[in-house]
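Here's a quick walk through one structure, with a stop at its helix packing, its sheets and a metal site. Have a look at the sequence and the model first.

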Amino acid sequence: MNGAEALLKTIAAAGIDTCFANGGTTEMAMILAFDSIAGIKPMLGLFEGVCSGAADGYGRLKEKPALCLLHLGPGLANGVANLHNARRARTPLLNVIGEHASWHAKADAPLAMDIECLCRTFSGWQRTVRSVETIAQDAADAIEAALRGQIASLIVPSDHQWGEYRGEIPRVKSPACDPPDRQAVASAAALLQSAEKTALIMNGRALRRRGLEAAGRIRAAVGCDLFCINFPAYVDRGAGCVPVSRVPYFPEPAAAVLAPYRAVLLAGTDEPVNFFGYEGQWSNPIAGEVPKLRIDTDSQDAAEALEALADELGAPGGRSLDGIVAGYRVPDVPSGRLTPEKACLTLAALQPEGAIIMDEGLTSSMTYFPLGATLAPHSYFMLTGGAIGQGMPSATGAAVACPDRPVINLQADGSAMYTVQSLWTQAREGMNVTTLICSNRSYNIINVELQRAGFTNPGPRALSFTDLGNPPIDWPSLSRGMGVPGAAVDTAEDLARELRKALAEPGPHLIEMIL
Ligand SMILES: Cc1ncc(C[n+]2csc(CCOP(=O)(O)OP(=O)(O)O)c2C)c(N)n1
Ligand SMILES: [Mg+2]
């Protein structure tokens, strides 16, 4: 067995079943090893941002890592934006990067780059394999690190992949979370009982069913209001779930929504941060003097911490949650010319139970999230790190993680063009992904930001930085060119018809919503 086979055997033995890859010569031994090592399905992405974004989507839905296999520094660099998003989401992700043969490093060959330096920007754990003898244990250590909810990057020189491996295949230990901190839980209970009006702001496992239920118990006991941060990694939503409001995107509405609270409790997240530092403004939407307390750390399980807090408060579950969990209410399909609001309403009206909604709709999907609270139960996830081009790849990864569930990607047009190659992977694998392109033919958010900054009349050159209308992107043709049936609609009725059709037929579809 060579080093590459030992590496893959270790990964397969740890239960990792999917590899999103774009390899080259330095990964040749690993690519060949896929033929002899069963258990890991390789999926080709035609750009590294597709691979890293897909591994993020897979990890968020499955709460276990996929393997992302990339080629040297340049391949990794192409994947970094979505690795950054995955880091922000605290996605478990195993990132393996092929490297030149160790003896070739000093020659400074054309593709050579400082891979370790790149990895430092997004990895929670990283290592370069130094010998074929350690390759399997290095992989096992990487997987254990990834299982802690972070990116583990393993850089593997090609000579160690080809070398003969004589050792055992190590077993990977599943790391346990630290238990909740009794002291933090008691302080949180005291804060909730003493302050008049409190907000509980959440991310991470706090926003999965178990965490939300504990948050609902806490709300039932002390009446605090429940929020998620503006860019939650994943939220369980719909009727029967405990609903949360989202902290708004822009600093002024975020500050206004949070102003009434005399104390803020945090679970699975630190204090919310404004997306940008605007001149003359502040970095955080919550005033400095308001007491803030985080009940967990990154090495604890936020849901467990919330359960401990609910127990500390003597908060019962069961019927006490009746008035707190969301009821079932679905809007009607609207009619007439499509607007962003009507597009969101149409999706809300038609999305099936169990749907996975990937939201990178940016300015077009702003009205979607509140609608989700009362729909049939579903999964919601979105762009976490602000590096656009995440939606299509991570919808692809989600479809691999949950092949029996429909994935709907509410997708802004400008962001879509960063990683549009995802459609080809969706077609190749026959994935049940429906992409709804929010075709406003602009980088609209930048126009909004210009207006907010007081530039109400930008000149034609400034506007040329944000206009996507000349030429307009022909989405149905682009989609069909990669093997995904495509249609364009400009009324709510036509959108409803095409969406019903897309959801009823197996395989991927794309609908351009001309807004
Ligand atoms: C990787 C990356 N490049 C550039 C940007 C800057 N940026 C933020 S939003 C945006 C355009 C978004 O346009 P679109 O996806 O069409 O959404 P819309 O604003 O029209 O709703 C750009 C270029 C970014 N956030 N991330
Ligand atoms: Mg746009």
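At roughly what angle do the axes of helix H3 (residues 48-62) and helix H14 (residues 391-401) cross?

## Two crossing helices

This is a predicted model, so treat what follows as computed from it. The answer is roughly 45°, with the axes of H3 and H14 coming within 6 Å. Angles from 35 up to 65 degrees fall outside the roughly parallel and roughly perpendicular ranges, and H3 and H14 are therefore oblique to each other. As for handedness, their crossing is right-handed.

If you want to see who touches whom, start on the H3 side: the residues there include Gly-49, Gly-53, Ala-54, Gly-57 and Tyr-58, and they meet a set in H14 that includes Pro-393, Ser-394, Gly-397 and Ala-398. Leu-61 and Lys-62 also belong to the H3 side of this contact, while Val-400 and Ala-401 belong to the H14 side.

## The seven-stranded sheet

Next up is an open sheet of 7 strands, ordered E9-E14-E13-E15-E16-E18-E17, and its pairing is mixed. Strands E9 (235-237) and E17 (486-489) sit at the edges with a single partner strand each, so one side of each has no neighbour in the sheet. On average, neighbouring strands here are turned by 20° against each other, direction ignored.

Zoom in on the E17 edge: E17 runs parallel to strand E18 (residues 509-514), and 4 bridges join the two. Gly-486 stands opposite Leu-510 of E18. Helix H20 (residues 492-504) lies across E17 and E18 as well as strand E15 (407-412) and strand E16 (433-439), and runs at about 170° to E18.

## The magnesium site

Which residues hold the magnesium ion (ligand 2)? Its coordination comes from Asp-413 (OD), Asn-440 (OD1) and Ser-442 (O), at 2.1 Å. Along the sequence, these donors follow the spacing D-x26-N-x1-S. Asp-413 is in helix H15 (residues 413-416) and Ser-442 is in the loop between E16 and helix H17 (444-452), so the pair ties together parts 29 residues apart in sequence.

Are these two donors buried or exposed? Asp-413 has 3% relative accessibility and counts as buried. Ser-442 is buried too, at 13% relative accessible area.

## The parallel sheet

There's also an open sheet of 5 strands, in the order E10-E8-E7-E11-E12, with parallel pairing. Its edges are strand E10 (245-246) and strand E12 (292-294); each has a single partner strand, so one side of each lacks a neighbour in the sheet.

Strand E7 (residues 198-202) and strand E8 (residues 225-228) run parallel and are joined by 4 bridges. Met-202 has Cys-228 in E8 as its bridge partner.

Notes
Residues numbered from 1 in each chain as written. Chains lettered and ligands numbered in written order. Predicted model: local features only at pLDDT ≥ 70, side-chain atom pairs only at ≥ 80, totals over all residues. Heavy atoms only, no water. Pairing = 2+ DSSP bridges. Axes fitted to C-alpha atoms, helices over the stretch in contact; angles between N-to-C directions. Contact = heavy atoms within 4.5 Å. Donors = N, O, S within 2.8 Å, 3.2 Å for Na, K, Ca; no water. Buried < 20%, exposed > 50% of the residue type's maximum accessible area, 1.4 Å probe, protein only. Parallel < 35°, antiparallel > 145°, perpendicular 65-115°, else oblique. Left-handed = near helix turned anticlockwise from the far one by under 90°.
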